[in-house]
Amino acid sequence: MLDMLESQVLTRIKYGFPQKLKDKYPNLTFTNSDRNEDDPKFPTVYVHEMPSSETGEDMEGDEINAVLSAFQIEVTTNTSQSEAKTVLDEVVKIMKKMRYKVIALPEFQNPTSTYRNLP
């Protein structure tokens with residue numbers, strides 16, 4: 001049950017992402033794998049579920065009624081910071097539709113020829 005949450009959020013992001021931007025960025029990739037690919041595609045949206053905790057317990061305590069979950073989303077691209085921001089903005093809109101709260105605003109990292117946004 002709990003291992004499905006990350007894949008469900010990833011699926012909602014992937015299929016909720018606007019088609020016009022999918023067309024604009026034909027190599028757009030969505031993943032929950034932290035491994036580098038041999039031939040990476042950009043932009044890449046990486047979705048990582050952070051440690052979660054149970055909430056909404058009842059008197060019996062024999063089921064998980066609700067989970068307080070958080071996700072780290074990273075957008076990496078090899079073209080520009082503007083492209084990373086555009087993609088991340090759409091991901092944030094999708095997360096907000098799922099009623100997630102933004103805990104940290106984006107941090108921009110440009111170590112080499114790739115551009116990263118981390119909310």
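**Two backbone features and a pocket**

In this predicted model, proline 43 sits in the loop that runs between strand β1, residues 29-31, and strand β2, residues 44-49. The peptide bond that joins phenylalanine 42 to proline 43 is cis, with an omega angle of about -5 degrees. This deserves a pause, because most peptide bonds are trans, and most residues other than glycine have a negative phi.

That second tendency leads to another loop, the one between helix α3, residues 81-97, and strand β6, residues 107-109, where arginine 99 is found. Phi of arginine 99 is near 70 degrees, which is a positive value in a residue that is not glycine. Is arginine 99 buried or exposed? Its relative accessibility is 72%, and because a residue counts as exposed when this value is over 50%, arginine 99 belongs to the exposed class.

From these two loops we can turn to the largest pocket, which holds about 520 Å³ of space. The pocket is lined by 22 residues, and those closest to its centre are Ala70, Phe71, Met95, Tyr100 and Lys101. Two or more lining residues come from each of the elements α1 (4-16), β5 (71-77) and α3. Which element gives the largest share of the lining? It is helix α1, which contributes four residues to the lining of this pocket. Sorted by class, the lining of the largest pocket is made up of 15 nonpolar residues, four charged residues and three polar residues.

Conventions
Residues are numbered from 1 along each chain as its sequence is written. This is a predicted model: local features need pLDDT of at least 70, side-chain atom pairs count only at pLDDT 80 or more; totals for chains, interfaces and linings use all residues. Side-chain values use heavy atoms; hydrogens and water are left out. Buried means under 20% relative accessible area, exposed over 50%, partly exposed in between (1.4 Å probe, protein chains only). On a 1 Å grid over the protein atoms alone, a cavity is a set of points where a 1.4 Å probe fits but cannot get out, and a pocket is an open set with protein on both sides within 12 Å along at least five of seven lines; lining residues have an atom within 4 Å of a point. Grid points are joined across faces, edges and corners, and a volume is the space filled by probe spheres set on the points. Ala, Val, Leu, Ile, Met, Phe, Trp, Tyr, Cys and Pro count as nonpolar, Asp, Glu, Lys and Arg as charged, and the others, Gly among them, as polar.
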